[in-house]
Amino acid sequence: QVRLVESGGDLVQAGGSLRLSCAASGIINSINAMGWYRQAPGKQRELVANIISGARTNYADSVKGRFTISRENAKATVYLQMNSLKPEDTAVYYCNLKDQFMGGVNDYWGQGTQVTVSS
């Protein structure tokens, strides 16, 4: 079983910055991808950013140029540096890890951390 522990969510004013962290523990076969999703009230969960196979990064169009994802491989930890935050970035942010094994991929989720951006 894999456990993801997130931290860093907070209340911040528009234009401010936050850094989210997610540390994975447990038995991991091979990390296929690791990253962040978010879910705002009344909306579907959406991809914010992820790192695939430890190298390729993907970002939602709405955060490109403002958010940066990075990963510390030795610690199975992923970070999300969020700059120039906007009220529309307000959501619960969830860490996700896709663990690849022979025959498939297991999805693991953190408990979520609240990010609130005030105008």
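Which residue's backbone oxygen lies 3.3 Å from a polar atom of the side chain of Asn96? It's the backbone oxygen of Tyr108, and we'll come back to Asn96 below. First, keep in mind that what you're looking at is a predicted model. The protein has zero helices and eleven strands, so here's a quick tour of the whole chain, its core, its disulfide and a few single residues.

**The overall picture**

- Read from start to end, the protein goes β-β-β-β-β-β-β-β-β-β-β.
- Its radius of gyration is 14 Å, close to the 14 Å that the globule rule gives for 119 residues, so the protein is as compact as a globular protein of that length.
- If you box in the C-alpha atoms along the principal axes, you need roughly 45 × 25 × 25 Å.
- Buried residues account for 42% of the 119 residues.
- The protein exposes about 6,400 Å², and carbon and sulfur atoms supply 47% of that area.
- Take the contacts between residues at least 6 apart in sequence: 56% of them join residues at least 24 apart.

**The nonpolar core**

- The largest nonpolar core holds 30 residues.
- Leu4, Met34, Trp36, Leu80, Met82 and Tyr93 have the most contacts inside this core.
- Strands giving two or more residues to the core include β1 (2-7), β5 (46-52), β7 (67-72), β8 (77-82) and β11 (113-118).
- β3, β4 and β9 also give two or more residues each.
- Leaving out residues up to four places away in sequence, Met82 touches Gly16, Ser17, Leu18, Leu20, Arg66, Phe67, Tyr93 and Val115.

**The disulfide**

- A disulfide is a covalent bond between the sulfur atoms of two cysteines.
- This protein's count comes to one disulfide, and it joins Cys22 to Cys95 with an S to S distance of 2.0 Å.
- Cys22 sits in strand β3 and Cys95 in strand β9 (residues 91-101), so the pair ties together parts that are 73 residues apart in sequence.
- The torsion about the S-S bond is about -85°, so this disulfide is left-handed.
- Cys22 is buried, with a relative accessible area of 0%, and Cys95 is buried with a value of 0%.

**Asn96, in strand β9**

- You'll find Asn96 in strand β9.
- Asn96 counts as buried because its relative accessibility is 2%, and the cut-off for buried is under 20%.
- Beyond residues up to four places away in sequence, Asn96 touches Leu4, Ala33, Met34, Gly35, Tyr37, Asp107, Tyr108 and Trp109.
- Tyr108 is the partner from the opening question: its backbone oxygen is the one 3.3 Å from a polar side-chain atom of Asn96.

**Ile31, in strand β4**

- Ile31 belongs to strand β4 (residues 31-39).
- With 15% relative accessibility, Ile31 counts as buried.
- Setting aside neighbours within four places in sequence, Ile31 is in contact with Ser53, Arg71, Ala76, Leu97, Lys98 and Asp99.
- Ile31 and Lys75 are 44 residues apart along the chain, and their C-alpha atoms are separated by 12 Å.

**Gly16, in a loop**

- Gly16 is in the loop between β2 (11-13) and β3 (18-26).
- Even in that loop, Gly16 counts as buried, at 17% relative accessibility.
- Not counting residues up to four places away in sequence, Gly16 touches Met82, Asn83, Ser84 and Leu85.
- Gly16 and Asn50 are 34 residues apart in sequence, and 22 Å apart in space from C-alpha to C-alpha.

Definitions and conventions:
Residues are numbered from 1 along each chain as its sequence is written. This is a predicted model: local features need pLDDT of at least 70, side-chain atom pairs count only at pLDDT 80 or more; totals for chains, interfaces and linings use all residues. Side-chain values use heavy atoms; hydrogens and water are left out. Helices (H or I, at least four residues) and strands (E, at least two) are DSSP runs, numbered from the N terminus. Buried means under 20% relative accessible area, exposed over 50%, partly exposed in between (1.4 Å probe, protein chains only). Contact means heavy atoms within 4.5 Å. A disulfide is a pair of cysteine sulfur atoms within 2.5 Å. A polar contact is a pair of N or O atoms within 3.5 Å; within protein, one must be able to donate a hydrogen and the other to accept it, and residues adjacent in sequence count only if both atoms are side-chain atoms. A nonpolar core is a set of buried Ala, Val, Leu, Ile, Met, Phe, Trp, Tyr and Cys residues joined through side-chain atoms within 4.5 Å. The radius of gyration is taken over C-alpha atoms; the globule rule is 2.2 Å times the number of residues to the power 0.38. Accessible areas come from the Shrake-Rupley method with a 1.4 Å probe; for residues, only the protein chains shown count as cover.
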